[in-house]
Amino acid sequence: MDNGPRHEAVGPLLGTGRDSDLDGMPSSAADSDDDDGVSFGPLRAGQAGATVVVTVTGAPTGGKLDAWIDFNRDGSWGGAGEQVFAGVAVVEAANQLTFQVPAGASAGDAIARFRLSSAGNLGWRGAAADGEVEDYRVTIAAPAAGEREFLGESRLPGASTLSAPQSLLPVDMDGDGDVDLVTGRSHTAWYENQGGTFAARTLSFAQFWYNRTTAADIDGDGDVDVVGTTASSAHLERNDGNEAFTRSTLVSVMAGDIPISTADVDGDGDQDLVGGGSLTTRYAWYENNGNEQFQLRQFPDAWDAPAGIAAVDFDADGDMDFLASGWQGVGWYENDGAHAFTLHMIVEGQAGRAVPHDLDGDGDQDFVVSQGVAINWYENDGQQAFTVRAVAAGMTNSYVYVDAADVDGDGDVDLLSTASHKVTWHENDGQQAFTTHELSGAEGARLVAAADLDGDGVLDIASGSTAGSKFAWRRQFSRLDFGDAPAPYPTTIAAGGAAHGPTGPKLGALRDTETDGMPGGSAADDDGVTFGRVQIAGGMATVAVQVSDAPNGALLSAWLDFDRDGNWNGPNEALFLDRPVVEGENELAFSVPADAVAGMTYARFRLSTAAGLTQGGLAPDGEVEDHELEIEPAALATGEFGAGAVIASGDWSLPTDLDLDGDLDLIVQTGWLENDGSGALVVRNVFSSAPGGTPPPYYAFHASDLDGDGDVDFLSSGPRVYWYENLGDHSFTRRDTNILAPSYFIDPPAAADIDGDNDIDVAAVDSGRILHWYRNDGDLGFTAIRVTPTSGGSPAASVTIADLDRDGDLDLATPLNGSTGYHLVAWYENAGG
């Protein structure tokens, strides 16, 4: 007899029918004809607000409900998180209840058990004095399919006050149907999920130092409690239902630096503890007597540096076994059904925390573990004989943290890890061959977990890192807004195209979403940008940008392919970089280069609350629109010129529209001359002098919005390259740069985003005929990088920046000063910035 659940046939009912049997009748479909009291909504791995309707009859004073779902499909309901209701009060009616499906739940059919009684707090085994038990076969769906692209980390507030993080628990702490995060080390905190943003909540035990924590309903009152371990004991933080906590000691002697978890090991309906024993080299489980009194059940085997122990029914015989690991290897403890355990070693040698999961979907429990600088998974043949399979190798750290879940929602089990101290996910191709993807911005990663943190059905990633002692999360969207420019413009994910999370500010009124960009496709949502006439030699052009859903404004970046070479990397092709715009219509102006190529071309406009966007990559919100437009040729002219007139003194001048009024002004050595629209030039500013009052000998000029604030600055050459900042009212202040030459720059500098990092770099030839480019650090600090000279001579004059080989990055070109004069031109191929 397996001590199955049984109720005296009196008292409250699930539904309207109740049959009586001499013994249980196992059925693969769990479809007894009296199972009419429970109706499930759709179930999905990672779902925080899964619903079930429980109909109760014959209970005028109500009843108590206990329920379990075998989320890991191991044949037992004792695993962590598998008890979905513990002694929950229900009334004589249809009761709609919610529960959390773990992100690591195995997709497929699983068995659920619901028990109704007057007393409550029953186990998934054993007798009850009244009520009814019903078992159901339910289907757990995989998470919704994600884009496999993760946004940069969103840091949880206040987490920097922690030391090295040791706990990261995705759990619905306040029972509101979304996934919160419980974290800890130097103090334990919980972060309330408020629709994808998180608020730090003060806990009464926040300054109490816990080495490890776990969360479960320990006292069976329907809310989530917290258990934490110190160096030598375990404590319960009892939740009063309003997230106020009262501390009590559960275990006075316990090795507290070993990871702790909960499981119903004995099937009696309360949560036991699993973790370290009374010695630091022992594992143990602690039997809960139902009143939060815990009795030590210690395994006799000594483990060097125990890494973790997990409860799982390895042999599918209906009782809870354990998977343990440490320096001597990985083994499993077989339960004989009476809670006497026999250790079976699986693999020898140093190992990190082992995580059980059915990785190949064949119905038995495999496991994944870090071993030295590799991550491996061990395939169970169904008879607990294991074959090692590789996941990843060559890591810079050993004993990494691992987790298992279908991260991309494609129906197979992926892995998460902290390999090489990075947040890393290992993508399963469906045949258990894994591709490793490192996510940026999480140096020092120690913890990682999958969870649907924004409630869209797609799994996101949470992490804890020693760098800054921070906790953070990364959002994965199910669908994104993409551009639609034709190839060779970058549009698809594979090509590095632009994509936006479909929230926040919009260009125009419409925004659609796709699973990938569609080069050359028509986009009905491209309704936010309207160009005026764009004509070569027209000086300026205008564009109207309509912004909606942006009560606090947004940032606009835009590019136009003036040279029609299939990319937006050319000099002056960045129209706006992080230009502030407001909700409503924004009338903007931009310069049309005199060397633009007439004909049809494309522009890309990106709107977001995030700064620093480039032509490609993922943005957390906003929209991208690609627009086809025509660059008109210059107007026809006779080629005849009238008599010249002296307007200023100096050796150099540069025509450009400094005041963005649609006509060409003139920069000269002493100032700038404003065109009043009729061709009359008026002196508007005299440039500031060098330190000490002596005007420097300005040799040449180049116009560019160097600081990205939406107006036209310019560069000049002298003992160093100077830049003149446009203050927005068309007055200019000289800013010295650290671009210094051994002697004067005598040729015009050039400026463009040479390294593709969304700021303006500079290239110039000094009077020693040495070509350099100067990398902008984003704050207008420049690092000189010498360009390797050619054998045909030294650079002779000005430098040109252009995508000469049409590979998507900017190259350099200069004339060469050879032995017979200026007779050669050299180009320098950009090897990727």
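## Exercises on a predicted all-chain model

Of the 833 residues of the protein, 56% count as buried (under 20% relative accessible area; exposed is over 50%, partly exposed in between, with a 1.4 Å probe and protein chains only). The model is predicted, so local features need pLDDT of at least 70 and side-chain atom pairs count only at pLDDT 80 or more, while totals for chains, interfaces and linings use all residues. Residues are numbered from 1 along each chain as its sequence is written, and side-chain values use heavy atoms, with hydrogens and water left out.

### Exercise 1. Overall make-up

State how many helices and strands the protein has, and how its contacts are spread along the sequence.

Solution. Step 1: the secondary structure comes to zero helices and 66 strands (DSSP runs numbered from the N terminus: helices are H or I, at least four residues; strands are E, at least two). Step 2: take the contacts (heavy atoms within 4.5 Å) between residues at least 6 apart in sequence; 52% of them join residues at least 24 apart.

### Exercise 2. The nonpolar cores

Find the residues of the largest nonpolar core that touch the most other members, and the strands that supply the core.

Solution. Step 1: a nonpolar core is a set of buried Ala, Val, Leu, Ile, Met, Phe, Trp, Tyr and Cys residues joined through side-chain atoms within 4.5 Å. Step 2: the largest has 28 residues, and V52, V54, L65, F71, F85, F99 and F114 touch the most other members. Step 3: at least two residues of this core come from each of β5 (50–57), β6 (63–69), β7 (83–90), β8 (94–99), β9 (108–117) and β11 (132–141). Step 4: a second, separate core holds 27 residues, including L507, I536, L556 and V592.

### Exercise 3. Two aspartates without a salt bridge

For D270 and D412, locate each residue and say what its side chain reaches.

Solution. Step 1: D270 lies in the loop between β21 (261–263) and β22 (272–276). D270 is buried yet has no salt bridge (a side-chain nitrogen of Lys or Arg within 4 Å of a carboxyl oxygen of Asp or Glu). The nearest side chain of opposite charge, R297, is 11 Å away (Lys and Arg count as positive, Asp and Glu as negative; His and the chain ends are not counted). Step 2: the D270 side chain reaches the backbone nitrogen of G290 at 3.2 Å. Step 3: D412 sits in the loop between β33 (402–405) and β34 (414–417). D412 is also buried without a salt bridge, and R148, the nearest side chain of opposite charge, is 9.0 Å away. Step 4: the D412 side chain reaches the backbone nitrogen of G430 at 3.0 Å.

### Exercise 4. Charged pairs

Explain which parts of the chain the salt bridges E632–R533 and D626–R604 tie together, and whether their residues are buried or exposed.

Solution. Step 1: the count comes to 16 salt bridges. Step 2: E632 and R533 meet at 2.6 Å, N to O. E632 lies in the loop between β50 (623–631) and β51 (653–656) and R533 in the loop between β43 (529–531) and β44 (540–548), so this pair ties together parts 99 residues apart in sequence. E632 is partly exposed at 21% relative accessible area, whereas R533 is exposed at 55%. Step 3: D626 and R604 form a salt bridge, the closest N and O atoms being 2.8 Å apart. D626 is in strand β50 and R604 in strand β48 (residues 599–608), so parts 22 residues apart in sequence are tied together. D626 is buried at 5%, and R604 is buried at 0%.

Methods. Polar contact = N/O pair within 3.5 Å; in protein donor to acceptor, adjacent residues only side chain to side chain.
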